[in-house]
Each structure stands twice: as structure tokens, then as C-alpha cells.
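Please take a moment with the sequence and the model below before reading on. The paragraphs that follow move from the interior of the protein outward to individual residues.

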Amino acid sequence: MEGKGAEAPNIPQEENSMNKNDCRTRPMSVGVMRVYDFGTAKLHAYETGDPINDQTLVVEREGRAVVIEPPCFRESIAALEEYLRESGLTVAGVVAAYHMAGAGFCEGVRVYATPEARVRPCRRGKGPDRPVCSGFWGGL
């Protein structure tokens, strides 16, 4: 089918699409959370509204959650922590694919990172890429 995305094998097309507007929307102290309910799992998509318009995904199943690409800015981190607490979710892990900024927001939770994220820790005053993060900390 030209002009259309590849279909997943063995999955009827009507089950293979996601309606981006079929969600619950919750305003946060910073940004907005959109929750998509798929029955056995939920996807919490956090649009931080921060200066870099960060997106953080939280995949939930049976009261446990995995955070994918944590937010960078303090206000967004605090808003996400509050949301997770109020939702009663237990964070089982954090996946950092691009950077480690904000990866330690859930104290004591294991962080899984790609090799690229490991070389871009963006921790205040630490890490091999301080020039990448220069100027970044002023906004935090």
C-alpha cells in the first residue's frame, strides 16, 4: 500500500491503529498528561510544556510503571513525581534513551540507559559532556 505505513503482521488493521484523541486529558502543574487505556495496559503521555517541549512516556500495567525518557526540568520532574504518587503507581524502572538529565528523579529506581545516554549524563558539574549541558543548568 503506497503512502501508508506498514501493517503489523497477523493483526487486523482496525486493531493496529491508535486514535491519538481517544484519551483522558489531565492538566498538570506544568504541561498536560494524556492517558490511553488499552485494557491490560495504559500509556501515560506527558507533554511537559517545558522550554524544550519534552515528552515522557509512562507504560502502566497492574499498578507498576516504566518511565521512558524522563523530563529534564525541575518543575516537570516535580509534576511527574506528584502525578505518579497520586496515581498510586510503583515505578519499576526508568529508560533513558537520549540523555540522563532527570533520570534520577525516582530515587532508588533502576535506570536503564542506551550507550548514547550514558555519555550524555547532564548531571550538574559531572559527566564527560559538560559543554553539551552548558547553559542548560541556568534554566533549571
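How many residues does the largest nonpolar core have, and which of them have the most contacts inside it? In this predicted model, that core has 18 residues, and those with the most contacts inside it are Met-33, Val-67, Leu-80, Tyr-83, Leu-84, Val-91 and Phe-105. Two or more residues each come from strand S2 (32-37), strand S5 (64-68), helix H2 (74-87) and strand S6 (90-96), and H2 gives the most, with 5 residues.

It helps to place these elements in the whole protein, which has 4 helices and 7 strands, running from the N terminus in the order α-β-β-β-β-β-α-β-β-α-α. Of its 140 residues, 36% count as buried, and the protein exposes about 8900 Å², of which carbon and sulfur atoms supply 51%. Among contacts with a separation of 6 or more, 33% are between residues 24 or more positions apart.

Helix H2 deserves a closer look. H2 has 14 residues and reaches 20 Å from its first C-alpha to its last, close to the 20 Å expected at 1.5 Å a residue. Its buried residues are Ser-76, Ile-77, Ala-79, Leu-80, Tyr-83 and Leu-84; seen down the helix axis, these fall within an arc of 165 degrees, so they line one face of H2. The buried residues of H2 pack against strand S1 (24-27), S2, S3, strand S4 (55-61), S5 and S6. After the helix comes Gly-88, whose phi is positive, near 70 degrees.

From this helix, Tyr-83 leads to the strands: leaving aside neighbours within four places in sequence, Tyr-83 is in contact with Arg-26, Met-28, Met-33, Val-35 and His-44. The last of these, His-44, has its place in strand S3 (residues 42-47). Is His-44 buried or exposed? His-44 counts as buried because its relative accessibility is 3%, under the 20% cut-off. The side chain of His-44 is nevertheless joined to that of Glu-60 by a polar contact of 2.6 Å. Not counting residues up to four places away in sequence, His-44 touches Met-33, Arg-34, Val-35, Thr-56, Leu-57, Val-58, Glu-60, Tyr-83 and Leu-89.

Ala-45 also lies in strand S3, and with a relative accessible area of 11% this residue is buried. Although Ala-45 and Met-33 are 12 residues apart in sequence, they are 5.6 Å apart in space, C-alpha to C-alpha. Beyond its neighbours within four places in sequence, Ala-45 is in contact with Val-32, Met-33, Arg-34, Tyr-36, Thr-56 and Leu-57.

Continuing along the chain, Thr-48 lies in the loop between S3 and S4. Thr-48 is buried, because its relative accessible area is 0%, and buried means under 20%. Which partners does the side chain of Thr-48 reach through polar contacts? One is the side chain of Asp-50, at 2.9 Å, and another is the backbone oxygen of Asp-54, at 3.0 Å. With neighbours within four places in sequence left aside, Thr-48 is in contact with Val-30, Gly-31, Asn-53, Asp-54, Pro-71 and Ser-76. Ser-76 brings the reader back to helix H2, as one of the buried residues of that helix.

Note on methods
Residues are numbered from 1 along each chain as its sequence is written. This is a predicted model: local features need pLDDT of at least 70, side-chain atom pairs count only at pLDDT 80 or more; totals for chains, interfaces and linings use all residues. Side-chain values use heavy atoms; hydrogens and water are left out. A nonpolar core is a set of buried Ala, Val, Leu, Ile, Met, Phe, Trp, Tyr and Cys residues joined through side-chain atoms within 4.5 Å. Buried means under 20% relative accessible area, exposed over 50%, partly exposed in between (1.4 Å probe, protein chains only). Contact means heavy atoms within 4.5 Å. A polar contact is a pair of N or O atoms within 3.5 Å; within protein, one must be able to donate a hydrogen and the other to accept it, and residues adjacent in sequence count only if both atoms are side-chain atoms. Accessible areas come from the Shrake-Rupley method with a 1.4 Å probe; for residues, only the protein chains shown count as cover. The expected span of a helix is 1.5 Å times one less than its number of residues. The arc is that of the directions from the helix axis to the C-beta atoms.
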